[in-house]
Amino acid sequence: MKENHSTISSKEHLESLANGLKVLGLYSRETPALSIQDVADHLGIARASARRILLTLTWLEYLKQSDRNFLPTPKMLDLGFSYFSSLDLPDLVRPILAKVAETVGETCSIGVLEGSDIVFLCREEAGKPLRLDLKMGSRLPAYAHSMGHALLGQLDAPALDLYLDRTPLKPLTPHTITSPRALKRQLNTVREQEFSISLDELVEGFAGVAIPISIPRSSSPAALSVSLVYGRRTREDMITQILPVLREAAEQVRSRFAHLG
């Protein structure tokens with residue numbers, strides 16, 4: 001039986017946990033760092049209490065201290081992955097991904113960022129004879145994938161710097177971006193145009209186009225992508241033939257989540 005928060009008694013309400021979750025909810029692109037005083041002011045609590053909450057979250061590795069400020073770490077993104085994993089997501093989005101795969105004749109996926117990798121939450125194949133052997137739960141390096149670029153482009157500057165600090169950019173092909181500065185330039189372009197195209201970066205001969213997608217009631221980045229064998233279509237084909245279909249699918253996914261209740 002689902003409990004309404006208004007029926008929970010004061011004895012069952014753990015204020016320290018509630019405040020800790022509230023602190024995590026304060027971070028955003030506009031608020032990438034918080035001080036003890038910031039938390040005390042936002043939550044209306046004493047500085048000593050705010051300090052204990054921030055130090056606890058730092059000990060749990062959800063935050064990282066920098067001078068007087070506390071910044072979110074990539075581990076916070078794992079909370080988003082756990083949220084999506086707790087849903088019966090394949091049943092929610094599989095018909096949408098299947099329609100994309102049927103329309104464009106290529107594989108369509110939805111995924112999130114977990115640690116240094118993208119994790120596929122659902123994939124629908126188009127029945128092509130040549131494909132990457134991937135399934136739900138498969139992981140790939142985010143820096144070398146179109147979906148990864150769409151996900152990384154949604155991170156604020158501190159979170160992206162932390163990602164780059166802990167992620168070696170290995171040359172998987174001659175076309176892989178291995179310079180943090182070059183990757184940041186690429187991600188700026190992704191943010192501006194609101195889509196990502198990757199050619200031969202992960203595996204030679206494969207390409208992908210991806211778009212960021214916001215999920216209602218979740219601050220965790222998500223993305224939709226289409227993967228294909230490079231050569232059947234040009235980059236311009238991906239923009240004119242695949243991108244509009246992906247964008248329509250993104251609206252349908254958002255609508256599905258918005259009606260969950």
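## Serine 109 and its surroundings

The side chains of S109 and R123 are joined by a polar contact of 2.8 Å, in what is a predicted model. S109 is found in strand β4, and with a relative accessibility of 0% it counts as buried. Leaving aside the neighbours of S109 within four places in sequence, its contacts are L97, F120, C122, R123, M147, A223, L224 and S225.

Two of these contacts, F120 and R123, are also related to one another, as R123 lies over the face of F120 at 4.7 Å from the ring centre. As for rings facing other rings, a search of the whole structure finds zero aromatic pairs.

## E106 and S227, far apart in sequence

E106 lies in the loop between α5 (89-104) and β4 (107-114), and at 2% relative accessibility this residue counts as buried. The side chain of E106 is joined to that of R233 by a polar contact of 3.4 Å. Although E106 and S227 are 121 residues apart along the chain, their C-alpha atoms are separated by 6.3 Å.

S227 has its place in strand β9, which covers residues 222-229, and at 13% relative accessibility S227 counts as buried. Apart from neighbours within four places in sequence, S227 is in contact with E106, T107, R123, H145, A207 and G208. R123 thus appears among the contacts of S227 and also among those of S109.

## Helix α3 and the residue after it

Helix α3 (47-59) has 13 residues and reaches 18 Å from its first C-alpha to its last, which is close to the 18 Å expected at 1.5 Å a residue. Within α3, the residues A50, I53, L54 and L57 are buried. Seen down the axis of α3, these buried residues fall within an arc of 95 degrees, so they line one face of the helix. R52 and W59, on the other side of α3, are exposed. The buried residues of α3 pack against a set of helices and strands made up of α1 (15-26), β1 (34-35), α2 (36-43), β2 and β3.

Just after α3 comes E61, which takes a positive phi of about 70 degrees although this residue is not a glycine. Most residues other than glycine have a negative phi. E61 lies in the loop between α3 and β2, where it is exposed, with a relative accessible area of 51%.

## Helix α7 and its cap

At the N-terminal end of α7, D156 acts as a cap, with a side-chain oxygen that lies 3.0 Å from the backbone nitrogen of A159. A159 is itself buried, as are P158, L160, L162, Y163 and L164 in α7. The buried residues of α7 pack against β2 (63-66), β3 (69-72), α6 and α8. The strands β2 and β3 also belong to the elements against which the buried residues of α3 pack.

## Helix α8 and the loop to β7

Helix α8, formed by residues 180-193, has 14 residues, and the distance from its first C-alpha to its last reaches 20 Å, close to the 20 Å expected at 1.5 Å a residue. The residues L183, L187 and V190 are buried in α8. When α8 is seen down its axis, these buried residues fall within an arc of 55 degrees, so they line one face of the helix. The face of α8 that is turned away from its buried side carries the exposed residues R181, R185 and E192. Among the elements that cover the buried residues of α8 are α6 (146-152), α7 (157-166) and β7 (196-199).

α8 is followed by E194, which is found in the loop between α8 and β7. Phi of E194 is near 65 degrees, a positive value in a residue other than glycine, and at 52% relative accessibility E194 counts as exposed. E61, in the loop after α3, likewise has a positive phi, of about 70 degrees.

Key. Residues numbered from 1 in each chain as written. Predicted model: local features only at pLDDT ≥ 70, side-chain atom pairs only at ≥ 80, totals over all residues. Heavy atoms only, no water. Helix = DSSP H or I, 4+ residues; strand = E, 2+ residues; numbered from the N terminus. Expected span 1.5 Å × (residues − 1). Buried < 20%, exposed > 50% of the residue type's maximum accessible area, 1.4 Å probe, protein only. Arc of directions from axis to C-beta. Contact = heavy atoms within 4.5 Å. Phe/Tyr/Trp six-rings, centres within 6.5 Å; stacked < 30°, edge-to-face > 60°. Lys NZ or Arg CZ within 6 Å of the ring centre and 35° of its normal. Polar contact = N/O pair within 3.5 Å; in protein donor to acceptor, adjacent residues only side chain to side chain.
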